[in-house]
Amino acid sequence: MRLVVGLQNPESVYAGTRHNIGAEVITLLEQRFQTRLKRGPRRIRCRVGTATIRDRKVLLALPKTSMNLSGPPVRGLLEYHRIKPEGLLVIHDDIDLPFGRMRLRFGQGHGGHNGVRSIVNSLGATDFWRLKLGLGRPPGRMDPARFVLSPFARQELSEVRRLIEDAAEVVGLFLTDPERATEQAGRRRPLEGV
């Protein structure tokens, strides 16, 4: 079984912000595969649901902690369901990727992302998968933290919806063929002029 986690800040004030794009992919998968995320196992602060995607059982999860504290609930789910870190896919935003790009990678560092850093620290390992969704760099001298906690601009919304849908497709392919999923993620090109 695989565990697919979307990183987020769960407070309603952060809904629709750039930092929560990983959670948006989980929400789309939840709708598409008609599952419902419910309270996680006891003492594990997350919402979790089981779905069957491409004939594979998968756990979809959203931590209920702030993004910077994602590690303990992710580790708790892996331990509770006896899933090795190699069976984990974390979906998150990445300001070092151009807006609208996507990258699927295994076993790299946290890249400065505090949610991923928390997971690496909790697991004591980097041997898990990451689906990075590109936000691009902040404009001008804008603080990166302020940038990721801001909502998408109106002109970006159609591309963001396409990116979330494409990411959901990559997740489905990942469950049966990680190599092809990696290639598909790398081939994604955003719309011109966004």
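Let's start inside helix α6, residues 178-187, because that is where A181 sits, and the helix label here comes from DSSP runs (H or I, at least four residues for a helix; E, at least two for a strand), numbered from the N terminus. A181 is buried, with a relative accessible area of 0%. By buried I mean under 20% relative accessible area, by exposed over 50%, and by partly exposed anything in between, with a 1.4 Å probe and protein chains only. From A181 to E86 the C-alpha distance is 15 Å, and the two are 95 residues apart in sequence.

A quick word on what you are looking at. This is a predicted model, in which local features need pLDDT of at least 70 and side-chain atom pairs count only at pLDDT 80 or more, while totals for chains, interfaces and linings use all residues. Residues are numbered from 1 along each chain as its sequence is written, and side-chain values use heavy atoms, with hydrogens and water left out.

Now the overall picture. How many helices and strands does the chain have? There are six helices and seven strands. Going along the sequence, the pattern reads β-α-β-β-β-α-β-β-α-β-α-α-α. The radius of gyration is 15 Å, close to the 16 Å that the globule rule gives for 194 residues, so the chain is as compact as a globular protein of that length. For that comparison, the radius is taken over C-alpha atoms, and the rule is 2.2 Å times the number of residues to the power 0.38. The C-alpha trace spans about 45 × 30 × 30 Å along its principal axes. Of the 194 residues, 49% count as buried.

Let's move on to charges. Side chains of opposite charge can pair when their charged atoms come close. A search of the whole structure turns up seven salt bridges, each being a side-chain nitrogen of Lys or Arg within 4 Å of a carboxyl oxygen of Asp or Glu. I'll walk you through some of them.

One pairs R18 with E156, with the closest N and O atoms 3.1 Å apart. This pair links distant parts of the chain, 138 residues apart: R18 is in the loop between β1 (2-6) and α1 (21-32), and E156 is in the loop between α4 (144-148) and α5 (157-176). Are these two buried or exposed? Both R18 and E156 are buried.

Another stays within a single helix. R75 bridges to E79, with the closest N and O atoms at 2.9 Å. These two are four residues apart in helix α2, so about one helical turn separates them. R75 is partly exposed, at 40% relative accessibility.

Then there is R188 with D166, where the closest N and O atoms are 2.7 Å apart. R188 lies in the segment after α6 and D166 in helix α5, so this bridge ties together parts that are 22 residues apart in sequence. R188 is buried, with a relative accessible area of 5%, whereas D166 is partly exposed at 27%. Which residues join R188 and D166 in a network? E159 and R162 do, through salt bridges that share partners.

On the surface, you will find a patch of positive charge formed by R36, K38, R39, R42, R43, R45, R47 and K64. Patch members have over 30% relative accessible area and no salt bridge, with like charges joined within 9 Å, and nonpolar side chains (Val, Leu, Ile, Met, Phe, Trp, Tyr) within 5 Å. Lys and Arg count as positive and Asp and Glu as negative, leaving out His and the chain ends. A charge is placed at NZ of Lys, CZ of Arg, CG of Asp or CD of Glu, and the areas come from the Shrake-Rupley method with a 1.4 Å probe, where for residues only the protein chains shown count as cover. One of the patch members, R42, sits in the loop between β2 (38-39) and β3 (46-53). R42 is exposed, at 69% relative accessibility.

Finally, some loops. R54, between β3 and β4 (56-63), has a positive phi of about 50 degrees although it is not a glycine. R54 is partly exposed at 43%. R82, in the loop between α2 (71-80) and β5 (88-94), is also a residue other than glycine with a positive phi, near 55 degrees. R82 is exposed, at 78%. V13 belongs to the loop between β1 and α1 and is exposed at 64%. The C-alpha atoms of V13 and R82 are separated by 34 Å, with their positions 69 residues apart along the chain.
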